[in-house]
Amino acid sequence: MSNPGTPKPLRIPSKLVIKGKLWSVIYQHKLHDPDFGDCRGLVNWEDRTITIDKNIPRAEKGEVLIHEIIHILLDEYHLHETGGIQDKFAEEVICAGLAESLLEIFNIQPREIHNRAVFASRNKK
C-alpha cells in the first residue's frame, strides 16, 4: 500500500474530449504567452491543443493540465461574453486557484483513505 500522504502524479492522456470536442495534449520546451511571458501551459484554440512545458516536474504537469482545461471550460461556457470574467489576470487567478484546489481534493483522498473511511462508516452502524 502506498503512503496516503504522498500524492500520485495525475495520469495525463494524449487526447481529451471537452464539451464534445477532441483536444490533444502535447509537450514542448520553453512556452511563451504573449500576454504573460514564460509559462507552464498554453491553449491553442485553432487546433484544439493543450501544450505543457516539457521541463516542469512531472508532479506539476497535472496541475497545469487542469489549469488549461479550466481556461477551455470558461470559454466554452461563455463566461467572458456574460461579463463573468472581464480581464485576463482575473482568469489566471481563477484557473490557478481551481486547478490547485481540485488536485488537492483528489490527492487528499487517495483510494486507500476512501476505502478506510467507507469501511469505518459501515462498521459504525
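**Exercise 1.** Which residues does Leu-16 touch, not counting residues up to four places away in sequence?

*Solution.* Keep in mind that you're looking at a predicted model. Step one: set aside the residues up to four places away from Leu-16 in sequence. Step two: look for heavy atoms within 4.5 Å. You end up with Lys-21, Leu-22, Trp-23, Val-25, Ile-50, Leu-65 and Ile-69 as the residues that Leu-16 touches.

**Exercise 2.** Find the largest nonpolar core and say which elements build it.

*Solution.* Start with the overall layout: the protein has three helices and six strands, and from the N terminus they run β-β-β-β-β-β-α-α-α. Now for the core. The largest one holds 13 residues, and those with the most contacts inside it are Leu-16, Ile-18, Val-25, Ile-50, Ile-52 and Leu-65. Next, sort by element: strand 1 (15-18), strand 2 (21-28), strand 6 (49-53) and helix 1 each give two or more residues to this core. Helix 1 gives the most, with four residues. Don't stop there, though, as a second, separate core of six residues includes Ile-66, Cys-95, Ala-99 and Leu-103. In soluble globular proteins, nonpolar side chains tend to be buried together.

**Exercise 3.** Is Ile-50 buried or exposed, and what does Ile-50 touch?

*Solution.* First locate Ile-50: strand 6. Then check the cut-off, since buried means under 20% relative accessible area. Ile-50 comes out at 0%, so this residue is buried. Leaving out residues up to four places away in sequence, Ile-50 touches Leu-16, Ile-18, Trp-23, Ser-24, Val-25, Ile-26, Leu-42, Leu-65, Glu-68, Ile-69 and Ile-72. Take one of these partners, Ile-72: Ile-50 and Ile-72 are 22 residues apart in sequence, with 9.5 Å between their C-alpha atoms.

**Exercise 4.** Which side chain of opposite charge is nearest to Lys-61, and how far away is it?

*Solution.* Find Lys-61 in helix 1 (residues 58-76). Now list what Lys-61 touches, again without residues up to four places away: Ile-12, Tyr-27, Ile-52, Asp-53, Lys-54 and Ile-56. The nearest side chain of opposite charge belongs to Asp-53, 7.1 Å away. A salt bridge needs the nitrogen and the carboxyl oxygen within 4 Å. Lys-61 has no salt bridge, yet is buried.

**Exercise 5.** What percentage of the protein's residues count as buried?

*Solution.* Of the 125 residues, 31% count as buried. Then turn to the outside: the accessible surface comes to about 8,700 Å², and carbon and sulfur atoms make up 55% of it. Finally, look at contacts with a separation of 6 or more: 57% of them join residues 24 or more positions apart.

How values were computed. Residues are numbered from 1 along each chain as its sequence is written. This is a predicted model: local features need pLDDT of at least 70, side-chain atom pairs count only at pLDDT 80 or more; totals for chains, interfaces and linings use all residues. Side-chain values use heavy atoms; hydrogens and water are left out. Buried means under 20% relative accessible area, exposed over 50%, partly exposed in between (1.4 Å probe, protein chains only). Lys and Arg count as positive and Asp and Glu as negative; His and the chain ends are not counted. Accessible areas come from the Shrake-Rupley method with a 1.4 Å probe; for residues, only the protein chains shown count as cover. A nonpolar core is a set of buried Ala, Val, Leu, Ile, Met, Phe, Trp, Tyr and Cys residues joined through side-chain atoms within 4.5 Å.
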